[in-house]
Amino acid sequence: MAELQESALWLSAKDDGGSLDDPDLRYLFGYWRRAAGDGVVPHRREIDPPIDLPGFLPTTIMFNVERGAGGGMGFRYRLLGTRLAEFAGRDVTGMTIQEAFGDDITARDREIYERVVGEVICYSGQRISLIHSRQFFERYRRLVMPVRGDDSGRVDMIWIWLKFA
């Protein structure tokens, strides 16, 4: 996907989500906050999209966060929803974001994901992108949320949901 335009909003677990103007994004952000409980970020075991959010799965992404020795981060697809795999023209599960789509296309996304992980905050953005497999421009909103996958206390997963306009 080639980025053309994006607007952004950053949210912490202390936010109530009222600044999100889309009811589905507000609902999902509320689910994420409730799963976090008294913490700053939920543990993976506290969220269960297949049971709690089955309608959200086709446009869901889960990344594993990989930390390099030099402090850099990489993002490997753990899950790519079926609708997104159709748009990508393939299932990229197991690949890094750069392996799947290249450095140039993913540079802005990596900046966003690094900030989500580093500052332990959520990101909501609206973007217009070229969906290569369809040779068509799509407008979508996304919510990017940090998740703990183990008991270390650090963010090691990112959960993303996209809503197409």
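Which residue lies over the face of Trp-10, and at what distance from the ring centre?

1. The model is predicted. Arg-115 is the residue placed over the face of Trp-10, 4.0 Å from the ring centre. A second arginine is arranged in a similar way: the charged end of Arg-90 sits over the ring of Phe-101, and its distance from the centre of that ring is 5.8 Å.

2. Next, the core. The largest nonpolar core contains 45 residues. Phe-63, Tyr-113, Ile-158 and Trp-159 have the most contacts inside this core. The element that gives the most to it is strand E6, residues 157-164, with seven residues.

3. Aromatic rings also pair with one another. A pair of aromatic rings is described by two values, the distance of the centres and the angle of the planes. In this model there are 12 aromatic pairs. One of them joins Tyr-27 and Phe-56, with 6.3 Å from centre to centre and 20 degrees between the planes. This pair counts as stacked because the angle is under 30 degrees.

4. The stacked pair links distant parts of the chain. Tyr-27 belongs to helix H1 (residues 23-36), while Phe-56 is in the loop between helix H2 (49-52) and strand E2 (60-67). The two residues are 29 residues apart. Is Phe-56 buried or exposed? Its relative accessibility is 13%, so Phe-56 counts as buried. Tyr-27 has a relative accessible area of 42% and is therefore partly exposed.

5. Phe-75 and Tyr-113 make another pair, with ring centres 5.5 Å apart. Their planes stand at 75 degrees, so this pair is edge-to-face. Phe-75 is in strand E3 (residues 73-80) and Tyr-113 is in helix H5 (residues 103-119), so the pair ties together parts that lie 38 residues apart in sequence. Both Phe-75 and Tyr-113 are buried.

6. These two residues also belong to one aromatic cluster, formed by Phe-63, Phe-75, Tyr-77, Phe-101 and Tyr-113. Two cluster members were named above for other reasons: Phe-63 and Tyr-113 are among the residues with the most contacts inside the largest nonpolar core. Phe-101 is the ring over which the charged end of Arg-90 sits.

7. The last point concerns the strand that holds Phe-75. How many bridges join E2 to E3? There are seven, and the two strands run antiparallel. Phe-75 in E3 is the bridge partner of Val-65. E2 and E3 form a hairpin, and five residues lie between them. Gly-71, in the turn, has a positive phi of about 95 degrees.

Terms used:
Residues numbered from 1 in each chain as written. Predicted model: local features only at pLDDT ≥ 70, side-chain atom pairs only at ≥ 80, totals over all residues. Heavy atoms only, no water. Core = buried A, V, L, I, M, F, W, Y, C linked by side-chain atoms within 4.5 Å. Buried < 20%, exposed > 50% of the residue type's maximum accessible area, 1.4 Å probe, protein only. Helix = DSSP H or I, 4+ residues; strand = E, 2+ residues; numbered from the N terminus. Phe/Tyr/Trp six-rings, centres within 6.5 Å; stacked < 30°, edge-to-face > 60°. Lys NZ or Arg CZ within 6 Å of the ring centre and 35° of its normal. Pairing = 2+ DSSP bridges.
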